[in-house]
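Biologist: I'd love a close look at one part of this protein, the place where two of its helices pack together. Could you take me through it, starting from the overall fold?

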Amino acid sequence: MNGFLYSAVLQWKLDLRSRTMLITCYAVPLIFFAIMGGIFTSIMPETTDTLIASMTVFAVSMGALIGLPPSLAEIYRSDIKNAYQANGVPLLLGLMLTNISAFVHLLIMSAILYVIAPIAFDAKIPENPGAHFCGVIILIAVSLGISSIIGLAVKNTANTSMFSILIFIPSTMLSGIMFPADLLPKAFEFVGKLFPATWGYVLMAENSLAGHHLWPLFVIFFASVLLCVILLKRIETR
């Protein structure tokens with residue numbers, strides 16, 4: 001157990017030094033928040049009610065979908081994988097450590113947005129902070145599940161970022177953080193509901209852990225876990 005905790009802390013420190021993780025988990029979300037937060041609240045003052053939720057969804061989606069897959073590709077498409085196998089280390093360890101590290105970074109970023117949004121743009125603080133952060137935690141976990149599939153499934157490391165972007169763009173654009181999802185064409189609205197960002201935004205915007213909003217996230221999460229197990233077994237046999 002001590003070895004696992006040491007490895008988790010070490011991975012967190014390595015990610016903290018990683019340009020990719022710093023850019024995707026902190027720099028880009030903060031820049032997006034500074035620019036779009038000002039635009040949203042100037043054009044549509046009512047967006048202050050959901051500003052924290054929308055900025056958090058963007059930050060989590062960016063950090064998870066763009067930040068994590070390259071780290072996984074670096075482990076499972078390089079000599080690190082061979083070192084794991086040569087020393088009898090389960091391949092699952094790499095997946096767990098990178099996910100735990102990314103989870104911590106994204107949770108920190110979400111807390112930063114929660115604190116500075118009311119100060120910078122007079123954003124409304126959620127009436128139920130507990131429900132808000134439960135929604136954040138669930139969204140992070142499910143988003144990391146999707147990004148883990150990308151990191152494990154894409155065989156060519158160079159294509160990892162391309163596939164990540166292909167998932168990230170519709171995930172954020174159709175989630176309702178830019179404009180109400182009910183204004184979208186029905187087909188786009190349906191596609192948006194296939195991504196965790198849409199349901200995570202609803203949870204935080206409504207500040208409620210309603211069951212009919214939770215079950216799609218649980219379905220996506222467990223499907224992601226199952227696919228990750230299958231992909232790890234395939235990687236192990238290569």
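In what order do the elements of the protein chain run from the N terminus on?

Modeller: Happy to! Please keep in mind that this is a predicted model. From the N terminus on, the order is α-α-α-α-α-α-α-α-α-α, which fits the count of 10 helices and zero strands. The protein chain is as compact as a globular protein of its length, because its radius of gyration of 18 Å is close to the 18 Å that the globule rule gives for 238 residues. Along the principal axes, its C-alpha atoms fill a box of roughly 60 × 35 × 30 Å. Of the 238 residues, 48% count as buried. Among contacts with a separation of 6 or more, 77% join residues 24 or more positions apart.

Now to the helix pair. Two packed helices are described by the angle between their axes and the distance between the axes. Here the pair is helix 3, residues 51–76, and helix 7, residues 160–173. Their axes come within 9 Å and cross at roughly 165°. That angle is over 145°, so helix 3 counts as roughly antiparallel to helix 7. The crossing of helix 3 past helix 7 is right-handed.

As for the residues that meet, helix 3 brings F58, S61, M62, L65, I66, P69, P70 and A73. Facing them from helix 7 are T160, S161, S164, I165, I167, F168, S171 and T172. Sorted by class, this contact has 10 nonpolar and six polar residues, with no charged residues.

Terms used
Residues are numbered from 1 along each chain as its sequence is written. This is a predicted model: local features need pLDDT of at least 70, side-chain atom pairs count only at pLDDT 80 or more; totals for chains, interfaces and linings use all residues. Side-chain values use heavy atoms; hydrogens and water are left out. Axes are lines fitted to C-alpha atoms, for helices over the stretch in contact, and angles run from 0 to 180 degrees between N-to-C directions. Helices (H or I, at least four residues) and strands (E, at least two) are DSSP runs, numbered from the N terminus. Angles under 35 degrees count as roughly parallel, over 145 as roughly antiparallel, 65 to 115 as roughly perpendicular and the rest as oblique. A crossing is left-handed if the near helix is turned anticlockwise from the far one by less than a right angle, and right-handed if clockwise. Contact means heavy atoms within 4.5 Å. Ala, Val, Leu, Ile, Met, Phe, Trp, Tyr, Cys and Pro count as nonpolar, Asp, Glu, Lys and Arg as charged, and the others, Gly among them, as polar. The radius of gyration is taken over C-alpha atoms; the globule rule is 2.2 Å times the number of residues to the power 0.38. Buried means under 20% relative accessible area, exposed over 50%, partly exposed in between (1.4 Å probe, protein chains only).
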